[in-house]
Amino acid sequence: MSNTYDVGDVARVTATFTNSAGVGVDPTSLAMYHGITRPVVTPVTSLVYGPDSITRVTTGQFYTDVAVNSHGEWHYRWIGKGANAAAVEGKFGALLPIVGP
């Protein structure tokens, strides 16, 4: 797993979209989905660029901040549709708290 967080952290989840020449491009529409797959599967949360908390940094670069509110293996998927359609997937872990609430 590439990143590990503690419950209570905020994970910045990023996506970069490029064309075949490696130049940043924006998809026509963009959504991001995330959920926990282990130890227990949770309902998937979906965010849409525009009304939800997805931030465009520059052409082709986006992020959202995910509140890590439970331990386990978190998965996410960005889906760009329309012009410059592409998908980006990743995952991170959240440690089980040992002490405290």
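D26 has a relative accessibility of 25% and counts as partly exposed in this predicted model. Its side chain forms a salt bridge with R56, and the closest N and O atoms are 2.8 Å apart. The two residues belong to distant parts of the chain. D26 sits in the loop between β2 and β3, whereas R56 belongs to strand β5, which covers residues 55-58. The separation is 30 residues. R56 is also partly exposed, with a relative accessible area of 36%.

The structure holds 4 salt bridges. Another of them joins the side chains of R12 and D65, at an N to O distance of 2.8 Å. R12 lies in strand β2 (residues 10-16) and D65 in strand β6 (residues 61-67), so this contact ties together parts that are 53 residues apart in sequence. R12 counts as partly exposed, at 47% relative accessibility. D65 falls in the partly exposed class too, at 37%. R12 has a second partner. It lies over the face of Y63, at 3.8 Å from the ring centre. The arginine thus takes part in a salt bridge with D65 and in a contact with the ring of Y63.

A further salt bridge pairs E73 with R38, with 3.4 Å between the closest N and O atoms. E73 lies in strand β7 (residues 72-81) and R38 in strand β3, so the contact ties together parts that are 35 residues apart in sequence. The two ends fall in opposite accessibility classes. E73 has 10% relative accessibility and counts as buried because the cut-off for that class is under 20%. R38 reaches 51% and counts as exposed because that class begins over 50%. E73 makes a polar contact as well: its side chain and that of H75 are joined at 2.7 Å. E73 therefore combines burial at 10% relative accessibility with a salt bridge to R38 and a polar contact to H75.

R38 also marks a backbone feature. The peptide bond from R38 to P39 is cis, with omega near 5°. P39 is found in the loop between β3 and β4. The cis bond thus leads from the salt-bridge partner of E73 to a proline in that loop.

Aromatic contacts were examined next. A pair of aromatic rings is described by the distance of the centres and the angle of the planes. The count comes to 5 aromatic pairs. The rings of Y5 and F92 have centres 5.2 Å apart and planes at 80°, so the pair is edge-to-face. Y5 is in strand β1 (residues 4-6) and F92 in strand β8 (residues 86-95), distant parts of the chain that are 87 residues apart. Both Y5 and F92 are buried. W74 and F92 form a stacked pair, at 5.5 Å centre to centre and 15° between the planes. W74 lies in strand β7 and F92 in strand β8, so this pair ties together parts that are 18 residues apart in sequence. W74 is buried, as is F92. F92 thus takes part in an edge-to-face pair with Y5 and a stacked pair with W74. Y5, W74, Y76 and F92 form one aromatic cluster.

Strand pairing was then considered, with β7 as the reference. Strands β3 and β7 run antiparallel and are joined by 9 bridges. L30 has G80 in β7 as its bridge partner. β7 and β8 also pair in the antiparallel sense, over 9 bridges. Here G80 stands opposite A86 in β8. G80 is thus placed opposite L30 and A86. The salt bridge between E73 and R38 links β7 with β3, two strands that pair. The stacked rings of W74 and F92 link β7 with β8, which pair as well. In a regular strand the side chains alternate between the two faces of the sheet.

The connection from β7 to β8 was inspected last. The two strands form a hairpin with 4 residues between them. G82, in the turn, has a positive phi of about 80°. N84 has a positive phi of about 60° although it is not a glycine. N84 is found in the loop between β7 and β8. Its relative accessible area of 36% places N84 among the partly exposed residues.

Terms used
Residues numbered from 1 in each chain as written. Predicted model: local features only at pLDDT ≥ 70, side-chain atom pairs only at ≥ 80, totals over all residues. Heavy atoms only, no water. Buried < 20%, exposed > 50% of the residue type's maximum accessible area, 1.4 Å probe, protein only. Phe/Tyr/Trp six-rings, centres within 6.5 Å; stacked < 30°, edge-to-face > 60°. Lys NZ or Arg CZ within 6 Å of the ring centre and 35° of its normal. Pairing = 2+ DSSP bridges. Polar contact = N/O pair within 3.5 Å; in protein donor to acceptor, adjacent residues only side chain to side chain.
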